[in-house]
Amino acid sequence: MAHLLGAEGLHLEYPTKVVFDSITLGVEEGDRIGIVGRNGDGKSSLLAMLAGRMAPDAGRVTMRAGTRIGVLDQADTLDDTHTIAQAVVGDTPEHEWAGDARVRDVIEGLLGDLDWHAPVVDLSGGQRRRVALAALLAKDWDIIALDEPTNHLDVEAITWLAAHLKRRWPANAGAFLVVTHDRWFLDEVCTETWEVHDRIVEPFEGGYAAYILQRVERDRMAAATEAKRQNLARKELAWLRRGAPARTSKPKFRIDAANQLIEDVPEIRDSVSLQSLAVSRLGKDVVDLLDAGVRFGDRDVLRDVEWRIAPGERTGILGVNGAGKSTLLGLIAGTVEPTSGRVKRGKTVKVRTLTQRLDELTDVWEQPVRTVIAGLRTSYTFGAGSKAQELTPGQLLERMGFTSAQLSTPVKDLSGGQQRRLQLLLVLLDQPNVLILDEPTNDMDTDMLAAIEDLLDSWPGTLIVVSHDRYFLERVTDQQYAILGGHLRHLPGGVDEYLRLRALEVRSSGEQRNDQAARAESQAGPGLEGAARRTAEKELAALERRMQKLNDQIDRAKHALADHDQSDYAGLGEKMKAIQAQQDEVEELELRWFELTEQLG
């Protein structure tokens, strides 16, 4: 492979800290490199030095002549005087950029729901991020350096970006480097992982799962001070190996080696004990949403939501921005009242929400962390049965990455990630039995995410999570639901099923827009009424029952494949053909489902 970029003897330091000490690295054609490490260890600084945005104190960065490098910063650098079109394609004539398949793909993939001529100044933070990313990807580069590209992107946009990068920079062309805490994204797109730690950059072969295996192997030989980190990594490896969604069919690390390293690691959650404890704390009734709906003005945000939340249930919620996720969380928490149907709460239910804002910290903004925790409970129980642990607030702070020196730091001077962790701790120490997490992974590095996941594994209550971080969502929840067309829908196939449904919804919406005039002529009003409406509602209910049954059958059939004789190719082929036929039927039913929900309004 041809050499593109090199770094020799890089040294970087600040008045109180040496960040890098004589590191040497190289980037070759086809490299897809993920950069991980704890916050503050220098990931963004490394990317900036390699991209020529920052000069090292010693050493040098060299680049092959003619190499073009594009950079996506964490900072928002868009010009507020521009429209989206100007920000993405500049003054390029429309016939030129519209004739470029790559540019059209970028615009459709990232900006398809935005007004092309809308002013940048009116966009939300997430929309601005997509515009900045589209502006970068619309141009030709040999190398791109991406600093937290998935921030503010939803699951669909992240999935699109992963597929685009793999097509755009295959194994024999160009290269990219990406700093991100999104572990699914790392595993999906990267063929090499660089870990930044202790003034060095340590390379590992493969994506995130392979990196975790190699790190466990490395840490097994490390000193006792690394024991805690090693145990967390082993637990994460056990989850990856034993059946993380969408990974069992494409193992990315050596199976025998992984099995040996995790043979004494128990299941990540003692579900039976935790559910038993949840029942004892909550009773059998938690929160029931009974035919609940919410209307704002003339818009139905949620319709006919039927959901009986069980004690100890762990559920992830998916949906596009504006679909109604926050409204659903408000119904559960009691901050939003239904405009139809009702919400029933158990007598012992205590709901707390970790919001995207730092509301819990407003009253303690000037206080040191030590003072904030001094007035809290002296201990807190995590886990159930023989695995129950009594932890002090100080021990919890340590478990969540705080050092003794940081206990004297005023809350306002903590980093964003530290404030987020303290916020979560305050919520947990209030002892809720229903915990709602709204985008909890913001400002967290991969190590800290693993520590929080470990903490939640032993939390005995009902957990509801909204997150664009697919890895986190799959890791801490046992089932997923989606809000589609105002309806809450169970997803037996998890995030993959959600993405498929969204693709069908988008396609169906496009077809419906194209046929709108014809439908308007054939219908005697804006929606179905009377007998026609009742017939459509019955068909919709029947479709949902049939799709649920098919999805359950597909799930069981996929699990049965693992037990089938792997040498029986004919038998395996027949089973896979049967599964495909069922999946095809589900897709047809889903298209009809979307048509009916649109007609019913």
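The points below describe the fold, the confidence and a few individual residues of this predicted model.

1. Overall make-up. The protein chain of this predicted model contains 21 helices and 20 strands. Of the 601 residues in the chain, 51% are buried, and the exposed surface amounts to about 27,800 Å², of which carbon and sulfur atoms supply 49%. When contacts between residues at least 6 apart in sequence are taken together, 70% of them join residues at least 24 apart.

2. Confidence. The chain has a mean pLDDT of 85, with 87% of its residues at 70 or more. Among the elements, strand 7, covering residues 175-179, has the highest mean pLDDT, 97, whereas helix 19, covering residues 516-522, has the lowest, 44. Across residues 516-526 the pLDDT is below 50, and this stretch has 2 contacts in the model beyond its near neighbours in sequence. A reader should keep these values in mind when looking at helix 19, whose mean pLDDT is 44.

3. The start of the chain. Strand 1 (residues 3-14) and strand 2 (residues 17-28) run antiparallel and are joined by 9 bridges, and the two form a hairpin with 2 residues between them. Within this pair, histidine 11 stands opposite aspartate 21 of strand 2. Strand 1 also pairs with strand 4 (residues 58-63), again in the antiparallel sense, over 5 bridges, and here leucine 5 has methionine 63 of strand 4 as its bridge partner.

4. A sheet of 6 strands. Further along the chain there is an open sheet with mixed pairing, in which the strand order is 14-17-18-12-19-20. Strand 14 (351-354) and strand 20 (487-491) stand at its edges, and because each has a single partner strand, one side of each is left without a neighbour in the sheet. Neighbouring strands of this sheet are turned against each other by 20° on average, direction ignored. As background, the strands of a sheet pair through backbone hydrogen bonds, in either a parallel or an antiparallel arrangement.

5. Pairings inside that sheet. Strand 17 (residues 434-438) runs parallel to strand 18 (residues 462-466), with 5 bridges joining them, and valine 434 stands opposite threonine 462 of strand 18. Strand 18 is also paired in the parallel sense with strand 12, over 4 bridges, where leucine 463 of strand 18 is the bridge partner of arginine 314. Strand 12 is in turn joined by 4 bridges to strand 19 (residues 479-484), which runs parallel to it, and isoleucine 317 stands opposite tyrosine 481 of strand 19.

6. How enclosed is strand 12 (residues 314-318) by the rest of the structure? Since 5 of its 5 residues are buried, strand 12 is largely enclosed by the rest of the structure. Arg314, Gly316 and Leu318 point one way from strand 12, while Thr315 and Ile317 point the other way, and all are buried.

7. Arginine 183. This residue is found in helix 7 (residues 183-189). Arginine 183 counts as buried because its relative accessibility is 0%, which is under the 20% cut-off. The side chain of arginine 183 makes a polar contact with the side chain of glutamate 236, at 3.5 Å. Leaving aside residues up to four places away in sequence, arginine 183 touches several others, including Tyr208, Thr446, Glu453, Asp469 and Phe472.

8. Valine 103 and histidine 82. Valine 103 is found in helix 4 (residues 101-111) and is buried, with a relative accessible area of 5%. Valine 103 touches Val89, Trp97 and Ala138, not counting residues up to four places away in sequence, and its C-alpha atom is separated by 8.5 Å from that of alanine 134, which lies 31 residues away along the chain. Histidine 82 lies in the loop between strand 5 (69-72) and helix 2 (84-89), and at 28% relative accessibility it counts as partly exposed. Histidine 82 and proline 119 are 37 residues apart in sequence, and their C-alpha atoms are 6.0 Å apart in space. With residues up to four places away in sequence left out, histidine 82 touches Ala87, Pro119 and Val120.

Notes: Residues are numbered from 1 along each chain as its sequence is written. This is a predicted model: local features need pLDDT of at least 70, side-chain atom pairs count only at pLDDT 80 or more; totals for chains, interfaces and linings use all residues. Side-chain values use heavy atoms; hydrogens and water are left out. pLDDT is the predictor's confidence in each residue, from 0 to 100. Contact means heavy atoms within 4.5 Å. Buried means under 20% relative accessible area, exposed over 50%, partly exposed in between (1.4 Å probe, protein chains only). A polar contact is a pair of N or O atoms within 3.5 Å; within protein, one must be able to donate a hydrogen and the other to accept it, and residues adjacent in sequence count only if both atoms are side-chain atoms. Two strands pair if DSSP finds at least two bridges between them. Axes are lines fitted to C-alpha atoms, for helices over the stretch in contact, and angles run from 0 to 180 degrees between N-to-C directions. Accessible areas come from the Shrake-Rupley method with a 1.4 Å probe; for residues, only the protein chains shown count as cover.
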